[in-house]
Amino acid sequence: MAIAAIGMISSGSLYARATDSNLAKPSGTLILTVSGAIAHTSDGKSALFDIEQLKAIGDTHIRTATPWTMGETEFVGVPFKKLFDTVSVQGKKVTVTALNDYSATMNVSTLTENNAILAYEMDGKLLSVRDKGPLWVIFPFDADTRYRTDEYWSKSVWQVKSITIE
Ligand SMILES: Nc1nc2c(c(=O)[nH]1)N[C@H]1C(S)=C(S)[C@@H](COP(=O)(O)O)O[C@H]1N2
Ligand SMILES: [Mo]
């Protein structure tokens, strides 16, 4: 019995914390994988999302200019605060990784306290990979000059495919 229990622990999550598989598995195309120090997963290891699941978490609009778009753009996406509540984030650092393996690591609070969103829509259309989709980290750039700096631009990862918490 004791040996079986040890086996279960070592083959389970890398993180020695309680996880449960209470999130539904995506029925559509997988667009986001969240893993690492999270308590809620789809399969005991990662939280997996299709677009409908992301939309169901809740959406927020940010109307702003960016260095990569013309004029003002209306972005719609999931607030990181809600996404991180959904997966029950257990860590302080987050790494956001793109399809081209560009990644940015920052404090969880950088995203949650600055009202950043993981955008899936731009000017009423789902972001395509050629438009920096399927997912793009957007800060409210126009709301404060401190967001219009390389520090925040470098955290504005586009073509996001995965997020890891540690
Ligand atoms: N997927 C992805 N997102 C990214 C990058 C990247 O190379 N790939 N570069 C980041 C950095 S370091 C900055 S400063 C800006 C760069 O935007 P630019 O290439 O238009 O100057 O986007 C950020 N987001
Ligand atoms: Mo950068």
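# Worked exercises on a predicted model

T86 sits in helix α3, which spans residues 80-87. The model is predicted, so please treat each value below as computed from it.

## Exercise 1: the surroundings of T86

Work out whether T86 is buried or exposed or in between, and which residues it touches.

Solution.

Step 1. Start with accessibility: T86 has a relative accessibility of 22%. Buried would require under 20% and exposed over 50%, so T86 counts as partly exposed.

Step 2. Next, look for contacts, leaving out residues up to four places away in sequence: T86 touches L23, H40, F49 and I57.

Step 3. Take one of these partners, I57. T86 and I57 are separated by 29 residues in sequence, yet their C-alpha atoms are 7.5 Å apart in space.

Step 4. Finally, follow the side chain of T86, which reaches the backbone oxygen of K82 at 2.8 Å.

## Exercise 2: the shell around ligand 1

List the residues that surround ligand 1, sort them by character, and find polar atom pairs between ligand and protein.

Solution.

Step 1. The residues around ligand 1 are W68, A98, N100, Y102, D150, W153, S154, S156, V157 and W158.

Step 2. Sorting this shell gives six nonpolar residues, three polar ones and one charged one.

Step 3. Now turn to the polar pairs. An oxygen atom of ligand 1 lies 2.7 Å from an N or O atom in the side chain of W68. With the backbone, a nitrogen atom of ligand 1 is 3.2 Å from a polar atom of S156, and a nitrogen atom of ligand 1 is 2.8 Å from a polar backbone atom of W158.

Step 4. Then consider coverage: on its own, ligand 1 has 530 Å² of accessible area, and the protein covers 64% of that.

## Exercise 3: salt bridges

How many salt bridges does the structure hold, and which residues does D101 link to?

Solution.

Step 1. The structure holds five salt bridges. As background, side chains of opposite charge can pair when their charged atoms come close.

Step 2. D101 pairs with K161, with 3.1 Å between the closest N and O atoms. This pair links distant parts of the chain, 60 residues apart: D101 is in the loop between β5 (93-98) and β6 (103-107), while K161 belongs to strand β10 (residues 160-165).

Step 3. Compare their accessibility classes. D101 counts as exposed because its relative accessibility is 53%, whereas K161 counts as partly exposed at 32%.

Step 4. Continue with D144 and R146, whose closest N and O atoms are 3.7 Å apart in their salt bridge. D144 is partly exposed at 29%, and R146 is partly exposed at 40%.

Step 5. The side chains of K155 and E151 also meet in a salt bridge, at 3.3 Å from N to O. Here K155 is buried, with a relative accessible area of 13%, while E151 is partly exposed at 47%.

Step 6. To finish, look for shared partners: R63, E72 and E74 are joined into one network by salt bridges.

## Exercise 4: the chain as a whole

Describe the chain by its secondary structure, burial, contacts and exposed area.

Solution.

Step 1. Count the elements: the chain has five helices and ten strands.

Step 2. Of its 166 residues, 46% are buried.

Step 3. Take the contacts between residues at least 6 apart in sequence; 57% of these join residues at least 24 apart.

Step 4. Close with the surface: the chain exposes about 8800 Å², of which carbon and sulfur atoms supply 54%.

Technical notes. Residues are numbered from 1 along each chain as its sequence is written. Chains are lettered from A and ligands numbered from 1 in the order in which they are written. This is a predicted model: local features need pLDDT of at least 70, side-chain atom pairs count only at pLDDT 80 or more; totals for chains, interfaces and linings use all residues. Side-chain values use heavy atoms; hydrogens and water are left out. Helices (H or I, at least four residues) and strands (E, at least two) are DSSP runs, numbered from the N terminus. Buried means under 20% relative accessible area, exposed over 50%, partly exposed in between (1.4 Å probe, protein chains only). Contact means heavy atoms within 4.5 Å. A polar contact is a pair of N or O atoms within 3.5 Å; within protein, one must be able to donate a hydrogen and the other to accept it, and residues adjacent in sequence count only if both atoms are side-chain atoms. A residue is near a molecule or strand if one of its heavy atoms lies within 4 Å of it. Accessible areas come from the Shrake-Rupley method with a 1.4 Å probe; for residues, only the protein chains shown count as cover. Ala, Val, Leu, Ile, Met, Phe, Trp, Tyr, Cys and Pro count as nonpolar, Asp, Glu, Lys and Arg as charged, and the others, Gly among them, as polar. A salt bridge is a side-chain nitrogen of Lys or Arg within 4 Å of a carboxyl oxygen of Asp or Glu.
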